[in-house]
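Grab a coffee and work through these exercises with the structure open beside you. Try each task before you read its solution.

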Amino acid sequence: MSDKLRKLVGDVPDFPMKGIVFKDITPVLADPDGLDEAVEAMAAPWRGAGATRVVCIESRGFIFGIPIARELGVGAVLVRKPGKLPRRTRSLEYALEYGTDRIEMHEDDLGPGDHVIVIDDLLATGGTMAAAVKLAKSSGAEVLGVGFFIELGFLDGRAKLGDVARIEAVLKY
């Protein structure tokens, strides 16, 4: 991976609140070569892994997950916030620092025999990814691992991912 991707990611101080330095991926998305490089770098570790689906977490996980699915020649499954999917869903409520949240996926998108990779743009505290992994497993699918464009290692999100076999990230901060 070149330094180009790291240089394209912008730091936005005090967003969304004072004291936070937000990692802005929109310059990567706006640069055609940068976007290609990011998708290729995220797909590369999973080539030959036997995935049958890529599970993509709303909403920035869609940006990377769908082209990764295309690169791997498999289908994409969407994990969304409640009420956004038109067919019957399976859902999972999970804890946040202050309160709870819920995610859903169509109940027939995954099943026994599926081998999945779960993709999101960023690993911070790990709560949403841990919930998406549990949701995928609840369908009977095997989770091969998870992938991110960025990992904020200082937040120790890996700890919440428990027994996930593989955790891949292109950029680590």
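**Exercise 1: strand 3 and its neighbours**

Task: Find the bridge partner of Val 55 in strand 7.

Solution. Start in strand 7 (residues 115–123), where Val 55 has Val 118 as its bridge partner. Strands and helices here are DSSP runs, numbered from the N terminus: E of at least two residues for a strand, H or I of at least four for a helix. Next, count the bridges: strand 3 and strand 7 run parallel and are joined by 4 of them. Two strands pair if DSSP finds at least two bridges between them.

Before going further, a word on the model: it is predicted, so local features need pLDDT of at least 70 and side-chain atom pairs count only at pLDDT 80 or more, while totals for chains, interfaces and linings use all residues. Residues are numbered from 1 along each chain as its sequence is written, and side-chain values use heavy atoms, with hydrogens and water left out.

Now turn to strand 4 (residues 75–79), which runs parallel to strand 3 and is joined to it by 5 bridges. In strand 4, Val 55 has Val 77 as its bridge partner.

Task: Work out why strand 3 is largely enclosed by the rest of the structure.

Solution. Look at residues 53–57: 4 of the 5 are buried, so strand 3 is largely enclosed by the rest of the structure. Buried means under 20% relative accessible area, exposed means over 50%, and partly exposed is in between (1.4 Å probe, protein chains only).

**Exercise 2: helix 4**

Task: Which handedness does the β-α-β unit of strand 3, helix 4 and strand 4 have?

Solution. Follow the path from strand 3 over helix 4 (residues 60–72) to strand 4: the unit is right-handed. That means a clockwise path from the first strand over the helix to the second, with the strands pointing away from the viewer.

Then check the helix length. Helix 4 has 13 residues and reaches 19 Å from first C-alpha to last, close to the 18 Å expected at 1.5 Å a residue; the expected span is 1.5 Å times one less than the number of residues.

Next, pick out the buried residues of helix 4, among them Phe 62, Phe 64 and Ile 68. Their cover includes helix 2 (26–30), helix 3 (32–43), strand 3 and strand 7. Just after helix 4 comes Gly 73, with a positive phi near 75°.

**Exercise 3: helix 5 and Val 133**

Task: Is Val 133 buried or exposed?

Solution. First place the residue: Val 133 lies in helix 5. At 5% relative accessibility, Val 133 counts as buried. Leaving aside neighbours within four places in sequence, Val 133 is in contact with Val 118, Val 143, Val 146 and Val 164, where contact means heavy atoms within 4.5 Å.

Now widen the view to helix 5 (residues 127–138). Its buried residues include Met 129 and Leu 135, and the buried residues of helix 5 pack against strands including strand 3, strand 4 and strand 8 (142–151). Helix 5 is followed by Gly 140, whose phi is positive, near 95°.

**Exercise 4: the whole chain**

Task: How many helices and strands are in the chain?

Solution. Count along from the N terminus, and you get 5 helices and 9 strands. For burial, 42% of the 173 residues count as buried. Finally, of the contacts in the chain with a separation of 6 or more, 58% come from residues 24 or more positions apart.
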